[in-house]
Every structure is written in structure tokens, then in C-alpha cells.
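Reader: Could you go through this structure with me, beginning with the terms you rely on?

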Amino acid sequence: MLALSIFPLVFSLGLTFTNVNLFRRVPLRFVGLENWARIFSDEALLETLVNTVIFVGGGVAIQYSLGLALAVALNRGLREQRLMRVLFLLPMMVSPIAVGFIIGRMVFSEGFGPINDMLGALGLPAVAWVTSPGVAKLTIILVDTWQWTPLMMLLILVGLQGIPGEPIQAARVDGASEWQIFRHIVFPLLLPVSITAILIRALEAFKIIDIIRVVTGGGPGRATESVTAYVYNVGAKQGDLAYAASAAYVLLFVVIGVSFLALYVMRRVQARYE
Amino acid sequence: MKHHLRLWTALFAILALVAASCGDAEDEAEVAEPTTTAAAPEPEPEPEMADPGTPGNIPDPGTAAGRFDGVEVVVAGPAGQLEYMKDKAAEWATETGATVRVDEIPFGELNDKVLAALSTDTFIADVINIGSNLGGDLMGGGFMAAAPEWAQQRADWEGILPIFRSNQLSFGGVAYGMPWDGDVLMYYWRADAFEANADAYEAATGNALRPAESWSEYAEIAKFFTENDWSGQDEGYGLVELPMRNNQGWNGFMTRAAGYAKAPNDPGFFFDPETMEPRINNPGFVRALEDWGAVIEYGPPGMLNFGWIENALSFVGGLAAQDIQWGDIGPMSKSPDSVVEGAVGYGPAPGADEYWDPVAEEWASGDGPNKAPFLGFGGWFNLVPATSNHLAAAFDLASFLGSPAVLAEAAVTAGTGVNPGTAATLDVDLWVSAGWPEDEAKAYTDAIRASLDHPNAVFDMRLPGFPEYKDALELAVSEALSGQHSAQEALDEAADKWNEITDRLGRDEQLRIYREALGLTG
Amino acid sequence: MKGRLITRAFLVAAAFVTLFPIYWIVITSFKTQLDIVVNPTYLPWVDFMPTLEGWRWLLTEARGDVIRAITNSLIVSGGSAVIATMLGAAAGYGLTRFQYRWRFWRNEDIAFWFISQRMLPPVAIVLAFLLMFRWLSLLDTQVGLTIAYTGFAIPFTVWIMRDAFAQVPLELEESAGVDGASAAGIFFRISLPLALPGVVGSMLFAFVFAWNEYLFALMLTFQEATTVPLLLASRITSFGTHWDQLSALTLTNLIPAAILGIMLERFLIRNRTEGSLK
């Protein structure tokens, strides 16, 4: 298992120093830092990096808020909550390919999609869900949110189960409001789980590709292309595997940096409560 | 206490690992048998091993029944269009004694998977059904076995239109491929609506309504049909095209640009064939993109994200008065999805009133609009990888699939992916026998033939790095069409990117291959 | 009372947003191509005539492929979910109960190292897997995919299980230890049951991940071990998308996962004697 996880890392790191290209049977040559030098003048990579950060930042924030709200709402002992729990898990079980096609390309379709149709029925103007550069980013985030809020809910729901009942009972006896209980007891106790949930989701979101490739193909222009989609285009579609690996490592460094920063901040927040 | 627990956890972890790996080992033993036969990773070279680039050293297996007893031939191709091929391969298998396995690869990732396997020397198939854009790379990259003489004969080599023989099936003067599909983008219009609205059109525009010969007529017709109620449905539009990035945006744009930028007196189109300097930001291409951007509004809403099916269904669904598409629209207009049976007009794509002469560097015009039919995508065809275990059987099957009888049947069968490109498939009688009215069959095959035999026709790009060139261009087109950049800015940027790609891949080598593709020597 | 009303209203709104796209998939599976791309239609028999064409395709022409793909998906996803959760539980338990130190590496770093392996875009490592699997003769086998998916899921299951065990009070384990329970007894009788929601959450996560994974399934299988996502993708052809077939397949793919969700849902909620969080 260890070899399984290390070999690919080393292999792709090695690739970044070579001239490997899927299209051409050229002799393997080590090109030193040539690929890495290209990185610094690659505006496309920068643009896709910015897009990716927008998707991750926007998407994960919305998904965490909704997931938290859903998990708490489904943990209040309502009669229908068991059915609802399964129901709310469904979106993450739908294959991303189908999510991209049926939801991204049909529901959000500007020509034959129900959303614009319903907006029209309400007298509102049609929205350019996929053809306007700004809105297309939002569309990607919305589709991603539909699919992955359930995961947040699942992980937070699991975390809620580990919270002891006594302090809550005691606070309730003392006359604390539900909001106060949530704010001062439940939320702090949920922080470790929240960190894990956000980290897991963010790591997957940084690699967002399936939905993008299907819904917008990265367009219009490059407005919705993520780094992973870019790496896929360069590596698999264009065959320039060596450079694709280098770009992938840039993403890796960014993600490690962001994760360290996020972990640090979240631990600080956590420390405030302890 | 704590110490024990720790030790125990470590043991548990190790045990779990061991258990997992043991489990794997057992399972592996069970599946080892089919794996080795199905997808043998390191094929044993047979005595008849092909030397790529040297045709004719695969012995003719003859035509005796049962000649490949016990041989398994694996075919790989795009999912969703192999049903007919499967049936035919099964026929072949029965006759020869071989078995055929057909692996379907999702269309969107077909090229990626084929390349990944070939470049790591992983066996993927004995016969690969692939599109022309990648074909050049596969043949030029030395991945493929050259076609032996006997296979060419069985596939009726002389009956294949020359443009496909040289541009699709061969590379560097060597034939590798076996024929399957022939592709060219054409112009379709609603003959019924044109007839019904002729007077209104003339009253509105002062011109007689006729099928567009030029893109300017096309635009005027599109405007008229978008602004007037003609379809008998809630909505009706003047045109439908193929502008989507990472989809058919390349083909949609090139079909239009060819008329503006392919000068009849110069063989080059994408590049200057002397310097490999991109031409895509010259005034011809820029005007093509500007004119294209101006007519997008006459298409159905969301058309910027239309792919093949959205385009085709909009037209056969009766929503659009004009369409730019491949030959499939003909058979599709007779499918159950269609409301336009018998109401479709067929013709080569319109031309440009003026074309840019890249040598004289000025706008020029000839007699009437300058037409340049674009063979976008260039068609599906069959290749045999040099790593095939059974080269003779593979070519035997591929040549059978490319034989006139099989292709003729394929062309008139829906969903095969086969568009006419051979003598047998362009035979009017074939279409009549498939139930077409004779005049329509003639109109359809004439339009295809006129496009394919056109002296100014442009075959799709077949260069190493094609996906990169395509991506850069589609990005620019998409930016221009959505209003993020002007056509000139966008295409300048794409041309810079093209130069960068060319330099990285080696300008001299790219130039050599480009000239070879154009039939220029020296 | 008011709080409950707001909660209910929120849940109903969320349910609508969640279910509408799924409803759309359901009705799309009964539409003809033309009903799909021309105009949005909402109600069968009212604004479009339902057709069983997509389902007919699924149950006749494609039946063999569908059964094979679902079987492969179940084996690969189930196998990797169970193995990854087991290994994740072992490692997660270790990380919460003991302090490891090696040079400057501490528990937090180890946990982070686990997860950082999942940060590289998959396309950058898939070729390495292709080479490795060819060498190990694991191409186009269920075992191969199971191993790959287990490897991908472990970093996450470790983190989820680490959190789950961290919430199990140490005093419970210690008092059991005082009462003479063995280390294994403590783990299986006390810690693991108390961390059951974590186990289930982790299994669901790993299962869903493998259930929907596309790129590795594409590159590492040819025919024998192909999974449902490949079949789904194969409905997107050069002629465009067979929406009805894609939708029918998507629902078919959703059903086993949903059944698993229904089965496991009860274990997501820990059985507690002291009144639950209200």
C-alpha cells in the first residue's frame, strides 16, 4: 500500500524533469528544470489557479454552512428526519458525470433548461448560466454544491453523535436559548470534525474536473477551467505529460500551503474555545 | 497497559495489511487466467511481426474458412457507434474461426486512453477504430503497422475517394489505415420553409430566397427566419451551428473560415507552408470570426454550448431553417426523431464573397463566392497497432470491415458513424434501395461528392500536437464569441500560442509534416 | 415551537432543491431526445408523452453490460470501502491513543502526510498506475481497482476515524482496563462501538468515492472489470448524449448506493442512554 502511494508521487515528480510526451516516441531525455521554468510564464496556469481557488473557497464555504445547518436540523428528533437523512445523502451518490450532464447541461441549459424556463414564467430575464464568464463560475459552484453538501452533512452528523448530552442538558436547565447552546457548546465541540470535513472536501474540490469538463468544457474562454482540468488537457489531450506533471505539482504545493494555513487558523480558533 | 495497547495496534495494522495483500494474492490467482488471454500486457512477438513503415511483410492469410481458428482479435473503438461493427465482426469471426472481443471506450476519452496505452507499450487492441485527427500522430509516431497489399485490395483501395486515401488512411506516403467513414461539413436548409416564405423574404429583403451560396446570404436568410414566424412551432430560428469549446468549436469555426482564408491559389490554410507561421490571425480568419459572431444571435438560445446532438436535433426537430453539419443529417432527417423528412435541402457549405490572398496579402475574389469545403474531423477509420499479437487476422478483419459491401450497408444504417466517402457509399442506387426518393438521394450524394471532390477542399489538421492547436483556437473563438475579446485580439493570442506550440514541438519537423499532409514535396 | 417550524421550512426547501434534479433525471429517462432538447417539459402525459425507450435499452441490449458493470462496481466499491475503513480505523485509533515521534514528525504531521497524498491531480499519477498495474498483471481486474481505490480512500478514512476515536472518552477505556478487559476487548467492545457512526460515515464516504470514480476505471480496465461510471460515460457518444439511456443508467446506479444508505443510516446515530441533543 505504501509503495502504491509513493511510487506514483515519485514517478510523476521524476516526469517533471523529462521530455515525456505521449504523442512522440522520442528518446527519453532529462531536461532539468525546463518544465519548471515554463511554469512561471504560464498565464493559463495562473488563471486556472485563480478559478480553482474561487471554486474551492466559494463552494466549500457554502457547502459547509448548508451541511452544518442540515446536520443540526436533522439531529433535532423530528419525526421525518430518518427519511430525510437518506434523502439528503442522495446527491453525492449520483455519478459526477451524470450530475454534470443532466443537471449542469440540462437543468441549467439556457435554451431548454427548466430554471430559465421558470424564471421566464416569473417574468424574470433568462440567465446566461454557462455562456457568461462570471455566471458560469457560479453555475459550477452551484452544481458542485448540490452534489457535495451531503458529504458535509454526513461528516458533521457523525460528529454530532460524539457530543455528550450532559452539558447541553445543564445549559438548558440554566435557561440558555437554543442558539446560545449551539454557539457556545455544540459548535466548539464540532470544530475538530468541521476541520476534517472542510479539509476533505477542499482537497477533493481542488481537483474539480468532471463537472467542469461536462458542463462548460472550461469555457467560456478559460473562465471555468480548473487546474486539474488544465492538467488533464495538457497531459492527456495534448500529450505533454512532463509539463502536466509539473503543473500538477504546482497545485500540490498550493494545496499544501493552503491546507497548512487553514489548519493553523482553524486550530487557533479551536484553541480560543479550549 | 498503554504500552500493550500500542503494540497491539501496530500488530493489528500489520495484520490488516498482510490480510489485505494475501486476499489480493488469492484473487489474483483466480483471475490470472482470463487476464493473460484478455489483455496480455507483454505480447509475445510472432514471427510475422510487422516492421512499421514497411508494408507488405504480413503474409496474405488467404480466404479459406476457419483460417484463424482459435485466434482472439480485440477491437477497441468509441462507445455508442460500434453495434453494426460488432455484428459484422461476428460474421467475420464465424467465417474465419476466430473470436472477436469489442471493447467500447467512452468517446470523450477514446484518444486519451489509446495514447496512454500505446505510449506505455500496454496492449490495447488488435484493431483500433479512431478519428483522423489522432490518426496522423499514431501513424507518424510509429505505433501502427503498415497495411499489406492484400488488405488494401480487399478494401477496394481504388474505390476510396483520393482525398481520404492520401489524407486519412496514409501518412508519409505509407498506407496504414483501412477505410470506414468519410466526413465533410455541409450546408442544410429547410426546402419547405424556403418555398413557403419566398415571397415574404423577397418583400422584406429585396432579394430572391435561394439556398445560400455565400455566408452573407446565409446571414441574411438567418436574420429573416429568426425574425419571422415560419416553423409552425412556438419558436423558430435562422440557423444552428457548432460553436462549443472542447466540443465541435474547431469544426464549426473552420467550416466558416475556410471560405474566407483558403485561397484557391495557395495550398496552405492553417499555416504558411513555407515558414509554418500561423495564418489564423490573418484578415481572412479575423473577418470569418467577426462575421460568425454577428450571426450567433440567430441561433437557438444557449447555442454557444451546442454540441453535435443539440445541433442535429434542433434542425431535424424543426427549430432551425439552416444548419452546418456532417452528412448524418441526411439519414437523421428520416429517423423517428425528425419532423423534416423530405423537407431538407443539401449543399456544400457556403463560401465567402471575398477571400484573403495570403501571398498577395490582399482581399481577392473570383467568379462567385469562394468555397472551400472543410473535411472536419476527417472520419473514423481502422488501424492495427504494431503491438498486435495477430497482425494478419487484424488486417483481415479490418479489410473486411472496409470492404464495399460492408461500408455500403453501414452508410445507410443509422448510428454506425459511417458517412459516405467511397464509390460504393456514394452510389445513388444504394440510397434508393434504402428507401430514399431518387431525387433526394441524388441531391444528397451530389452535395457530398461536390464537397469531397472540390479542388479547394481543406482536410482537417493532422499534425502532432493537434489537440493543443485545437484547444488554443477554440479558446480564442470562445472568448471572441462570448464578447471577452475582439476577434483580432483573440486570434492574435491564439497565433502566439500556435507559434509557441510549433517551436516546442520543433518547427522544422512540424513544417515537414504539414507540407507532407498538403502533398508538397521538398 | 417556532424553532421547529423554521427547521421544517428549511428542510422542505432543501428537500425541494435536492430532489428537483433527481426528479429531472427520472423524467428524462422517459423522454425522447426531441422532448429533451427542444423545450423543458415537466410532467409526463401532460406536456410530453413518456417513452420506455431508455429503459428498454437498459434491460435488453445493454443488460449484460449493465449487470457486469454493477457487479464490478459493487465488488470494487464494497471491497475498498471495507478495507479502507478497517485500515483507517487501525491507523486512526493509533493516532488518537498514542504519541508517535520520529525525528521532527509528530502525530499531526503523520495525519497530514496521509492526506497530502490525495492532493495531486489524478491525471498526474494515472500513468504511473498503468505501468505499475501492467507490471503486476492487475490491469482489467477487480482486485486491481479495489487496491487502487483502497489506497485513495485510506487518507480520508484515517482522518474520519481519528476524529471518531478522539470523541470516545478515554476514561471509558481506562475503567474497562481497570476491570481487566484485554486491549483487544477494549477496542472491539468499547471504542469501536462508540465510534460506529464514524465507521459508517467513513464506509459511506469510501464507497461513494469508488462508486463514482472515473479516470482510473477508464485507464486501468478494458472490459472484464469495467465499472458503472464507464458505462455512463459511454452514453455520451460522438453523436451526442443519449439522455434517456444516461438517465436510466444513472438511476440504476443510484439505487444500490441508496439502499446502502438506507441500511447504514440507523448506525449513523449513536445509541445513547442519556437524552440526545435536541
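Author: Two strands are said to pair if DSSP finds at least two bridges between them. Helices (H or I, at least four residues) and strands (E, at least two) are DSSP runs, numbered from the N terminus. This is a predicted model, in which local features need pLDDT of at least 70 and side-chain atom pairs count only at pLDDT 80 or more, while totals for chains, interfaces and linings use all residues. Residues are numbered from 1 along each chain as its sequence is written, chains are lettered from A and ligands numbered from 1 in the order in which they are written, and side-chain values use heavy atoms, with hydrogens and water left out.

Reader: Fine, so in strand 3 of chain B, which residue is the bridge partner of B:V75?

Author: The partner of B:V75 there is B:V127, and strand 1 of chain B and strand 3 of chain B pair in the parallel sense over two bridges. Strand 3 of chain B also pairs with strand 12 (residues 380-383) of chain B, in the antiparallel sense and over four bridges, with B:N129 standing opposite B:N382.

Reader: And why is strand 3 of chain B described as largely enclosed?

Author: Five of the five residues of strand 3 (residues 127-131) of chain B are buried, so it is largely enclosed by the rest of the structure. Buried here means under 20% relative accessible area, exposed means over 50%, and partly exposed lies in between, with a 1.4 Å probe and protein chains only. B:V127, B:N129 and B:G131 point one way from the strand, while B:I128 and B:I130 point the other way.

Reader: Back to strand 1 of chain B: what unit does it make with helix 2 and strand 2 of chain B?

Author: Together they make a right-handed β-α-β unit; right-handed means that, with the strands pointing away from the viewer, the path from the first strand over the helix to the second runs clockwise. Seven bridges join strand 1 (residues 72-78) to strand 2 (residues 99-105) of chain B, and these two run parallel, with B:E72 opposite B:T99.

Reader: What about strand 6 of chain B, how many bridges join it to strand 7 of chain B?

Author: Four bridges join them, and the two strands run antiparallel; B:W189 has B:Q322 as its bridge partner in strand 7 of chain B.

Reader: Switching to aromatics, how many aromatic pairs are there over all chains?

Author: Rings of Phe, Tyr and Trp (its six-membered ring) pair if their centres lie within 6.5 Å, and planes under 30 degrees apart count as stacked, over 60 as edge-to-face and the rest as tilted. By this rule the count comes to 56 aromatic pairs over all chains. One of them is B:Y84 with B:W180, a tilted pair at 6.3 Å centre to centre and 35° between the planes. This pair links distant parts of the chain, 96 residues apart, since B:Y84 is in helix 2 (residues 83-96) of chain B and B:W180 is in the loop between strand 5 (174-175) and strand 6 (186-190) of chain B. Both B:Y84 and B:W180 are buried.

Reader: And why do B:W431 and B:Y444 count as edge-to-face?

Author: Their ring centres are 5.1 Å apart and their planes are at 75°, so the pair is edge-to-face. B:W431 is in helix 16 (residues 428-433) and B:Y444 in helix 17 (residues 438-452) of chain B, so the pair ties together parts that are 13 residues apart in sequence. B:W431 is buried, with a relative accessible area of 1%, and B:Y444 is buried at 0%.

Reader: Now the interface: how many residues of chain B are in contact with chain A?

Author: Counting contact as heavy atoms within 4.5 Å, 34 residues of chain B are in contact with 31 residues of chain A. The area buried between these chains is about 2700 Å², of which carbon and sulfur atoms give 49%; buried area is the accessible area (1.4 Å probe) that two parts lose on being put together, summed over both. B:D112, B:R245 and B:N305 supply 17% of the area that chain B buries against chain A, more than any other three residues.

Reader: Which residues does A:N233 touch?

Author: Not counting residues up to four places away in sequence, A:N233 touches A:E225, A:Q238, B:R245, B:N246 and B:D471. A:N233 lies in helix 11 (residues 227-237) of chain A and is buried, with a relative accessible area of 8%.
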